[in-house]
Amino acid sequence: MKKYFYSLFLFLIVLQFSTLSYGQTTQKERLEKHVYYMAADSLKGRKAGSKEAQKVAEYISNQFSTIGLETILDKFDFPIITLSSDGPYQNVIGVWEGSDSILKRELIVIGAHYDHLGTKLKKEEEIVYNGADDNASGTAALIELARNLVQQKELTKRTLVFVAFDAEEIGLQGSKFFINYVKAVKPVHKMVLMINFDMVGYLKQSGKLKIAGVGTVQNYLTYFNAVSFPESYRLVLKKKDHSILTGSDHDSFLAEQIPAFYVTTGLKSPYHKPEDDAHLIDYDGLSIIVDYFTELVPLFANDTHLKPSDGLKKTSFHDKKSYFGLTAGIGNMRYNYRYGTVDGKKGTALQLGLYGKVSLSNSFALKGEAAYSYTNRYRKEGIIQTHEVTFPVVLLLKSTYENWIEMSMGAGGYYSHFFHLREKNFDPIVKQYYPYEVGWILDFEMRVSRMIYGLQYRYGLNEMIVAPQEEDMARSRMFQFKIGFVF
Ligand SMILES: [Zn+2]
């Protein structure tokens, strides 16, 4: 009996010791474990749709359930084009329901994308893009932040939704899908704030943590002033996110007028290079960031006054469906005679106009302008200078890249009214003129953020001189390079 008692006692000590040692895994060690796992060569760069990315999704899902979150693996088919046949793509969602009977319908989405670039062949050698900073770091922070928030004694009033996004690197597809998914599955729920961790593993190297887009929330300083960040680092709060080079999942939320923060230590890491490896990550820094948000998130999740700012619409410029702006064009105009051998010379054509472009669908847009034009028309009878008001309308086929580059081309027509016309070297004045010109247009345009670059070809369909002799019949052609600014 004594022997049994003794072994039971030993067993209890061992049990105690083992639970203690498990409990003693530090946050930093867990962060390291996650990053080393996700950024291992064997996971081949976690390319969206690959079986390695699916393995990572299962890893995150297991972490979420261990923490105590209700998890959803939300598989989705690529909505536009399939780049890889071995999908499916999947977001991993962990839900921690809020305690307030009303506010729990408001969701605070905390996200990080886990996919990366995969592998590339260079000189018949497979090079793995491990993506430790981009974005195993953010995903690890997401898991540990979830653990901390769930283990806090008090539940938050609002519901916390932790999402590891897939398919970010191929056009923010994971976050776009998630937003539509929530709207469809939980129509009474409302996303009130999104916090996106993307590349947060270089705090020491960059010396600062940047949170961009804080101005999308009203009175944002009341939250940020309530929590301190270690003084050895700078906390940089940017009201708006201006970084067009590093578009990430928060952009999808801003496009839906949902306040969103972009959290990053910047581009100090070997960005989109094979050297972005786990041993380069600053795990102490990563842990500091997790601690900071562990204190910060409940402030947003519990405050009954949380509201989007009035300026929110302005921050989502890149996802606007319509643009207005100013354009200027410079080019030349010449006449092509239909009969006879004489050809017109090239004369200058200038244009200054108001510009408007409205999206009709994902692929089509309608563009209109109201412009002042000045042309020098070299006819064989002499030179005619015109001042015109021109109204071109063009139907465009468009394609956008990462929301900030848009290419479009199309065709349309124009009407131009000559409000002033002057003849030079006409001797004697024998002709009469139509006061207008109509014709068709070929148009090519590229928008890079707010700048417009375009080429336009105009072909006149009516003869400008009333009742010309047959050998005088000529129609204008104009070619212009355009530049513009939209807002
Ligand atoms: Zn990223």
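Which residues in helix 2 meet helix 9, and which residues in helix 9 do they meet? Keep that in mind while the model loads; the model is predicted, and the tour returns to this contact at the third stop.

**Whole chain**

Start with the protein chain in cartoon view. The chain has 10 helices and 18 strands. Colour by burial next: of the 487 residues, 40% are buried. For a contact map, restrict the pairs to a separation of 6 or more; 75% of those contacts join residues 24 or more positions apart.

**The core and helix 9**

Select Ile-108, Ala-141, Leu-142 and Ile-289. These residues have the most contacts inside the largest nonpolar core, which holds 76 residues. Now add residues 283–302, which form helix 9; the largest share of this core, 10 residues, comes from that helix.

Centre the view on Ala-141. Leaving out residues up to four places away in sequence, Ala-141 touches Ala-112, Phe-197, Val-200, Leu-286, Ile-289 and Val-290.

Keep helix 9 and show helix 4, residues 132–151. The two axes come within 9 Å and cross at roughly 45 degrees, so helix 4 and helix 9 are oblique to each other. The crossing of helix 4 with helix 9 is right-handed. To see the contact itself, select Ser-137, Ala-140, Ala-141, Glu-144, Leu-145, Asn-148 and Leu-149 on the helix 4 side. On the helix 9 side, select Leu-286, Ile-289, Val-290, Phe-293, Thr-294 and Val-297. Coloured by class, the residues of this contact divide into nine nonpolar, three polar and one charged.

**Helix 2 against helix 9**

Hide helix 4 and show helix 2, residues 27–38. The axes of helix 2 and helix 9 come within 9 Å and cross at roughly 110 degrees. Angles of 65 to 115 degrees count as roughly perpendicular, and helix 2 and helix 9 are therefore roughly perpendicular to each other. This crossing, too, is right-handed.

The opening question is answered here: Gln-27, Lys-28, Leu-31 and Glu-32 in helix 2 meet Tyr-283, Asp-284, Leu-286, Ser-287 and Val-290 in helix 9. The classes in this contact are four nonpolar, two polar and three charged. Leu-286 and Val-290 are worth labelling, since they are among the helix 9 residues that meet helix 2, and among those that meet helix 4.

**Gly-344**

Move to the loop between strand 11 (322–337) and strand 12 (347–359), and select Gly-344 there. Is Gly-344 buried or partly exposed? With 18 other C-beta atoms within 10 Å, Gly-344 is partly exposed. Draw a distance from its C-alpha atom to that of Arg-379: the separation is 5.5 Å, although the two residues are 35 residues apart along the chain. Beyond residues up to four places away in sequence, Gly-344 touches Arg-334, Tyr-335, Tyr-378, Arg-379, Lys-380 and Ala-474.

**Glu-369**

Finish at strand 13, residues 364–379, and select Glu-369 within it. Glu-369 has 21 C-beta neighbours inside 10 Å and therefore counts as buried. The C-alpha atoms of Glu-369 and Leu-352 are separated by 9.6 Å, with their positions 17 residues apart along the chain counted as the offset. For the surroundings, show Thr-327, Gly-353, Leu-354, Tyr-355, Phe-391 and Pro-392; Glu-369 is in contact with these, its neighbours within four places in sequence being left aside.

Definitions and conventions:
Residues numbered from 1 in each chain as written. Predicted model: local features only at pLDDT ≥ 70, side-chain atom pairs only at ≥ 80, totals over all residues. Core = buried A, V, L, I, M, F, W, Y, C linked by C-beta atoms within 7 Å. Buried ≥ 20, exposed ≤ 12 C-beta atoms within 10 Å, placed from the backbone. Helix = DSSP H or I, 4+ residues; strand = E, 2+ residues; numbered from the N terminus. Contact = placed C-beta atoms within 7 Å. Axes fitted to C-alpha atoms, helices over the stretch in contact; angles between N-to-C directions. Parallel < 35°, antiparallel > 145°, perpendicular 65-115°, else oblique. Left-handed = near helix turned anticlockwise from the far one by under 90°. Nonpolar A, V, L, I, M, F, W, Y, C, P; charged D, E, K, R; others polar.
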